[in-house]
Amino acid sequence: MIEQSHRGMTSDPYSLESLQRRALARRRQRTSFTSIFATRWQTVRSTRFAHPASLLSRIPSRVALHALVALLLPVAMLLSQLRPGVLTPAVSAPVGSQEGSELTVPLAPVDLDAAIGDPPLEETADLPVPLSLISRSEALAPIVVPATIAVERAFLRNGPGTNYDAVGRISGATPVQVIGRYGDWFQVRERVDGPIYWISGEVLAISEAASFTLFEVQESAIPPPPPPKIATVREDGLQLRDGPGTHYVPITSLKQNTQIELYEIYQDWFHVGAPGGLDGWVKAEFLNVEPSVVKRLLVAETIPDPNPALVGVIAENSVNLRKGPDSRYDRVGRIDAGVQVDLIGKYKDWLRVRLPDGTKAWVFRDLITTTAHVLRRVPVSRDFPALPVSGGRPGASPGLANIAASGDVASFAVQFVGARYRWGGSSPSTGFDCSGFTSYVYRQFGVNLPRSAAAQFNTAYGASVGSMENLAPGDLMFFRNTGGRRGISHVAIYIGGGRMVHAMTPRYGVQVSGIWGSYWTSRYYGAIRVRR
């Protein structure tokens with residue numbers, strides 16, 4: 001019984017005897033480790049001055065191997081960063097999963113012999129079959145972008161440029177499919193199986209972002225432009241008319257062998273472009289033209305009206321209405337912009353008009369908006385009185401007729417157009433202000449004028465001109481309430497033809513302006529014809 005009890009006690013791991021045995025074993029283990037360490041330390045001390053080979057021979061091979069791995073590890077990691085290769089994650093065993101197991105470090109293998117680039121895709125079951133192997137036509141089909149025609153009527157051409165033939169027309173807002181581009185020209189069609197044309201991007205409403213997704217048509221796929229559509233005149237005196245028929249008005253006559261460009265055809269008349277930028281119609285029988293060229297022409301959709309309404313619209317405010325076709329005729333009234341008038345006659349640069357109230361008067365042609373097609377049909381009129389005697393108009397100074405106009409002054413002054421503006425300046429080298437410019441110009445002709453616009457408006461230097469209708473080249477024109485200043489504040493030199501030259505602003509410098517605009521007519525104060 002006692003023996004059994006003793007065995008039971010010794011088998012208990014927490015008994016006093018078991019604990020003592022383990023403590024004794026631990027003490028012996030530490031004593032052994034200390035002894036081994038002391039022995040090796042003594043060996044190292046005894047060999048520290050020995051040959052390195054002798055020292056290395058005493059290092060255990062396992063320790064040397066671990067040291068080599070530790071040295072190569074950072075080198076391998078550095079090389080994997082400097083040279084791209086095939087990097088696959090390393091699989092490591094869990095650290096400390098088994099007592100005495102060694103540490104495994106995850107490291108991407110470095111393939112120093114691999115070529116620079118990327119590996120191929122893995123041909124796994126989920127890799128889709130390429131579309132080009134299923135349907136090559138579908139894979140290479142052009143990208144289609146919807147668009148619409150942005151103008152009322154546009155030409156369809158057989159190539160990307162106006163030097164290609166117009167082979168059709170298309171109406172505004174028509175939807176089209178855009179399938180390619182070349183610069184600012186686009187390939188379009190109206191339906192999938194429809195013919196393909198070219199159209200300018202200027203007349204096409206297309207999303208800018210979408211347009212850059214289109215295939216760029218290669219230059220090698222674009223045909224060369226066709227030869228120009230040219231014809232030659234057979235004989236002298238061929239009339240170029242403003243419509244396809246002898247009842248249209250002649251524009252000019254063409255000489256034999258003159259080359260003209262063909263635009264379109266209407267019955268037996270060609271719409272052509274003639275030298276000098278003229279545009280008109282000629283009879284086909286009087287031209288030498290190849291049949292192949294005629295086949296390339298479009299048929300005209302519309303032709304000019306042979307009997308247009310002879311009307312125009314006043315283009316400016318405060319336009320003078322005169323008794324005759326000359327600025328020396330008396331003014332009978334004024335009319336503002338936007339009023340439509342009937343054109344009942346013409347003479348040189350003037351048009352005779354009938355106002356909505358029935359009044360008839362003459363207006364300078366540039367102040368009426370109309371077309372050349374209409375103007376050619378306005379009859380020439382001589383229904384106007386003789387010019388008034390010079391100097392006899394109301395508002396003119398009695399001595400005005402005794403002072404000659406200074407056309408040479410006007411011609412001299414215009415050579416300074418473009419000179420810079422400088423407040424206080426009075427020479428080409430420094431620049432001019434308005435009165436500095438006029439005083440400099442007249443000083444070259446022996447006349448000394450004061451250095452302000454207000455001071456120059458003085459009959460001591462000449463005769464009062466009065467209204468703008470009395471102006472002659474070389475006259476000084478004065479304006480008030482300009483540049484934020486009250487009273488006479490600006491002066492210019494009249495050069496004829498409804499124009500004046502003057503120093504304006506730092507932005508414009510010396511320039512020529514028309515005198516009949518509302519800005520100037522509303523600020524006009526008077527004029528002086530300078531006595532020389």
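**Exercise 1. Backbone outliers**

In which loop does Asn 481 lie? Give the phi of Asn 481 and of Ala 173 as well, using the predicted model shown above.

Solution.
- Step 1. Asn 481 sits in the loop that runs between S26 and strand S27 (488-496).
- Step 2. Although Asn 481 is not a glycine, its phi is positive, at about 55°.
- Step 3. With a relative accessible area of 37%, Asn 481 is partly exposed.
- Step 4. Ala 173 is likewise not a glycine and has a positive phi, about 70°. Ala 173 belongs to the loop between S3 and strand S4 (175-182).
- Step 5. The relative accessibility of Ala 173 is 57%; the cut-off for exposed is over 50%, so Ala 173 counts as exposed.

**Exercise 2. Confidence and overall make-up**

State the average pLDDT of the chain, and find the stretches where pLDDT is below 50. Then describe the chain as a whole.

Solution.
- Step 1. The average pLDDT of the chain is 82, and 77% of the residues score at least 70.
- Step 2. Over residues 83-105 the pLDDT is below 50; beyond near neighbours in sequence, this stretch has 18 contacts in the model.
- Step 3. Residues 389-396 also stay under 50, and the model gives them 19 contacts beyond four places in sequence.
- Step 4. Where pLDDT is low, the predicted coordinates should not be read in detail.
- Step 5. The chain has 532 residues, of which 34% count as buried. Its secondary structure consists of 13 helices and 30 strands.
- Step 6. Among contacts with a separation of 6 or more, 56% are between residues 24 or more positions apart.
- Step 7. The exposed area is about 33,000 Å², with 55% of it supplied by carbon and sulfur atoms.

**Exercise 3. A nonpolar surface patch**

Which residues form a nonpolar patch on the surface? Place Val 69 in the secondary structure and classify its exposure.

Solution.
- Step 1. The patch is formed by Leu 65, Leu 68, Val 69 and Leu 72, which together have about 390 Å² of accessible area.
- Step 2. Val 69 is part of helix H4 (residues 61-82).
- Step 3. Val 69 has 52% relative accessibility and therefore counts as exposed.

**Exercise 4. The surroundings of Asp 242**

Is Asp 242 buried or exposed? List its side-chain polar contact with Arg 376 and its contacts outside the local sequence.

Solution.
- Step 1. Asp 242 is located in the loop between strand S9 (238-241) and strand S10 (250-254).
- Step 2. Its relative accessible area is 4%; buried requires a value under 20%, so Asp 242 is buried.
- Step 3. The side chains of Asp 242 and Arg 376 make a polar contact at 3.1 Å.
- Step 4. Neighbours within four places in sequence aside, Asp 242 is in contact with Tyr 248, Val 249, Ile 251, Trp 281, Pro 304, His 373, Arg 376 and Arg 377.

**Exercise 5. Salt bridges and the S25-S26 loop**

How many salt bridges does the count give? Work through the pairs of Lys 229, Glu 469 and Asp 475, then turn to Asn 470.

Solution.
- Step 1. The count comes to 16 salt bridges. Side chains of opposite charge can pair when their charged atoms come close.
- Step 2. Lys 229 and Asp 165 form a salt bridge through their side chains, with N to O at 3.1 Å. Lys 229 is in the loop between helix H7 (208-211) and strand S8 (230-233), and Asp 165 is in the loop between strand S2 (153-157) and strand S3 (166-171), so the pair ties together parts 64 residues apart in sequence. Both Lys 229 and Asp 165 are buried.
- Step 3. Glu 469 forms a salt bridge with Arg 322, with the closest N and O atoms 3.0 Å apart. This pair links distant parts of the chain, 147 residues apart: Glu 469 is in the loop between S25 and S26, and Arg 322 is in strand S17 (residues 319-322). Glu 469 is buried at 4% relative accessible area, and Arg 322 counts as buried at 2%.
- Step 4. Asp 475 forms a salt bridge with Arg 529, where the closest N and O atoms are 2.9 Å apart. Asp 475 lies in the loop between S25 and S26 and Arg 529 in strand S30 (residues 524-530), so parts 54 residues apart in sequence are tied together. Both residues, Asp 475 and Arg 529, are buried.
- Step 5. Arg 153, Arg 169, Glu 264 and Glu 301 are joined into one network by salt bridges that share partners.
- Step 6. Asn 470 lies in the loop between strand S25 (462-464) and strand S26 (476-480) and is buried, with a relative accessible area of 11%. A polar atom of the Asn 470 side chain lies 2.9 Å from the backbone oxygen of Val 465.

Note on methods. Residues are numbered from 1 along each chain as its sequence is written. This is a predicted model: local features need pLDDT of at least 70, side-chain atom pairs count only at pLDDT 80 or more; totals for chains, interfaces and linings use all residues. Side-chain values use heavy atoms; hydrogens and water are left out. pLDDT is the predictor's confidence in each residue, from 0 to 100. Contact means heavy atoms within 4.5 Å. Helices (H or I, at least four residues) and strands (E, at least two) are DSSP runs, numbered from the N terminus. Buried means under 20% relative accessible area, exposed over 50%, partly exposed in between (1.4 Å probe, protein chains only). A polar contact is a pair of N or O atoms within 3.5 Å; within protein, one must be able to donate a hydrogen and the other to accept it, and residues adjacent in sequence count only if both atoms are side-chain atoms. Accessible areas come from the Shrake-Rupley method with a 1.4 Å probe; for residues, only the protein chains shown count as cover. Patches are made of residues with over 30% relative accessible area and no salt bridge: like charges are joined within 9 Å, nonpolar side chains (Val, Leu, Ile, Met, Phe, Trp, Tyr) within 5 Å. A salt bridge is a side-chain nitrogen of Lys or Arg within 4 Å of a carboxyl oxygen of Asp or Glu.
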